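Here's a quick walk through the metal sites of this model, plus a couple of residues on one of the helices. Have the coordinates open as you read.

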Number of protein chains: 2
Amino acid sequence: MSDHQQRRIPSTPGISGDALPPVEQHAKQYETVRNAHETELIEDYVELIGDLIRHRGEARAADISNRMAVSQATVSKMIRRLNELGLVTSKPYRSLFLTEEGQKMAETSRARHDVVLHFLRALGVDDSTARIDAEGMEHHVSDETLAIMQRFTEQHQQ
Amino acid sequence: MSDHQQRRIPSTPGISGDALPPVEQHAKQYETVRNAHETELIEDYVELIGDLIRHRGEARAADISNRMAVSQATVSKMIRRLNELGLVTSKPYRSLFLTEEGQKMAETSRARHDVVLHFLRALGVDDSTARIDAEGMEHHVSDETLAIMQRFTEQHQQ
DNA sequence: GATAATTGTTAGCTAAGGCTAAACTGTTTG
DNA sequence: CAAACAGTTTAGCCTTAGCTAACAATTATC
Ligand SMILES: [Mn+2]
Ligand SMILES: [Mn+2]
Ligand SMILES: [Mn+2]
Ligand SMILES: [Mn+2]
C-alpha cells in the first residue's frame, strides 16, 4: 500500500525541486486527468454540433468529419454512441439534433472553452495559438481556476 | 471537401458569439490535441520515474502503481512499452532506469510541468487545485504560451 | 428521370489503456 | 532455512477511438 519501505537509498535533500506530493494527493492528480479524458471527446463533439447548428443552421456528419479531420466512419460510429448516451437524436442520412441534455452540455462546454480562449488572448497569446491550446486545456481546468481566469480576463479587457 | 454547400439554412448573424474558424484551422486544433494525447501518458510515466529516482533513489513498479492509482499489471505492461520505445531499461523484478533519451524527456516534461504549476499558483489558484489542473494542462500548452506563463510568474513572484 | 457525385453506414481491423486472476520471484521473518 | 509476504509478470478480457474498403442512400446535374 505505502511506498516501498525496504532498500531505501539515501537521497540528496534540498538540491532538487519540490518534494513529491503525498501518495493520495498524487494519485488524485492522475485520476482526475483520466476522468477528464473519458468525457473530453464527447464534449468536443457535442459542442461542435451545437456550434454548427448555431452558425450554419444544421449539423451534418460530413461537416464534423471535415472540421475534426477524422474519417466519416469514425464520425458515424461516434454519433451512434452520442445517441445511446441520450445527447443527440438522429435519423439515418439526416442531419443531427441535440437533446435537451445535449444542449446543456454544448452550452456548458462552449462557455468553458470561451473563458479559456479569452483568457489566453488576454494573457497575450497569439490568436491561432490560443485556439489550439484552448482546445486541449479546456478539459483540464477546474471550476476554481476557470473563475480566476474569467476575473483576470475582465480586468485585462479592452 | 468543403462544408456542405447545399441546403444552406439561413443563420442569425450577429447574435451568437465568435464565428466558426476556417475548416483547416479548426481541424488543426483537434489534430494537435490528438497528437498530445498520444504522448501524454508516456511523458507522465517517464517524468514520474525520474522524480522517484531523484527523490527516493530508485523507481519501483509498485510505487508507480500506488502514485498513479493504477493496477500493477497496467504498470508492467506500460513499462514493456517504455522499454520498446527506448526510454527505460529494466530487468525483471528489478527497479527501473531511464535511458539518455528517457532522462531528456523526464527533464523536459518536469520543467514544463513546473512552469504550468508555478504559473497557476502565481495566478492565485490554491496549491492542491493547481497541482491537479497542471497535471492535465501541461500537455496542451504550446511553447509560446509556456514562455508567456513563465514571464508572468517571474513578474508576479514573491 | 437517369446518372454522377456526395454523403452516410457497416464490417472488420488495429492500438492504447484499463481491469482481474493466477503464477512466479525476491525479501523478510519466525 | 522454510514459510509468509510483497512485488512483478503474464494471460486474457473489455472499451475507446482511430482506420480502410465496400456498400447504400440522398442530392445534384445533365
Ligand atoms: Mn471545446
Ligand atoms: Mn476540446
Ligand atoms: Mn507532468
Ligand atoms: Mn501530466
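Let's start with the manganese ion (ligand 3), whose protein donors are Glu47(B) (OE), His113(B) (ND1), Glu138(B) (OE) and Glu138(B) (OE), lying 2.1 to 2.4 Å from the metal. Keep in mind that this is a predicted model. Along the chain, the donors of ligand 3 follow the spacing E-x65-H-x24-E. Glu47(B) sits in helix 1 (residues 23–56) of chain B, while His113(B) belongs to helix 4 (residues 100–123) of chain B, so this pair, 66 residues apart, links distant parts of the chain.

Are these two donors buried or exposed? Glu47(B) comes out at 7% relative accessibility and His113(B) at 9%, so both count as buried, the cut-off being under 20%.

Ligand 3 also has company: the manganese ion (ligand 4) lies 3.6 Å away from it, and Glu138(B) coordinates both ions.

Now over to chain A. The manganese ion (ligand 2) is coordinated by Asp44(A) (OD), Glu135(A) (O), Glu135(A) (OE), Glu138(A) (OE) and His139(A) (NE2), at 2.0 to 2.4 Å. Here the donor spacing reads D-x90-E-x2-E-H. Ligand 2 and the manganese ion (ligand 1) are 3.6 Å apart, with Glu138(A) coordinating both. Asp44(A) is in helix 1 of chain A and Glu138(A) is in the loop between helix 5 (127–137) and helix 6 (143–155), so the pair ties together parts that are 94 residues apart in sequence. Asp44(A) and Glu138(A) are both buried.

Here are the two ion pairs in one place:

| Ion pair | Separation | Residue coordinating both |
|---|---|---|
| manganese ion (ligand 3) and manganese ion (ligand 4) | 3.6 Å | Glu138(B) |
| manganese ion (ligand 2) and manganese ion (ligand 1) | 3.6 Å | Glu138(A) |

Two other residues on chain A are worth a look. Asn35(A) lies in helix 1 of chain A. At 48% relative accessibility, Asn35(A) counts as partly exposed. Its C-alpha atom is separated by 9.9 Å from that of His139(A), although the two residues are 104 residues apart along the chain. His139(A) is also one of the donors to ligand 2.

Arg54(A) is found in helix 1 (residues 23–56) of chain A too. With 26% relative accessibility, Arg54(A) is partly exposed. What does its side chain contact? The side chains of Arg54(A) and Asp51(A) are joined by a polar contact of 3.0 Å. Arg54(A) and Phe119(A) are 65 residues apart along the chain, and their C-alpha atoms are separated by 23 Å.

Note on methods. Residues numbered from 1 in each chain as written. Chains lettered and ligands numbered in written order. Predicted model: local features only at pLDDT ≥ 70, side-chain atom pairs only at ≥ 80, totals over all residues. Heavy atoms only, no water. Donors = N, O, S within 2.8 Å, 3.2 Å for Na, K, Ca; no water. Helix = DSSP H or I, 4+ residues; strand = E, 2+ residues; numbered from the N terminus. Buried < 20%, exposed > 50% of the residue type's maximum accessible area, 1.4 Å probe, protein only. Polar contact = N/O pair within 3.5 Å; in protein donor to acceptor, adjacent residues only side chain to side chain.
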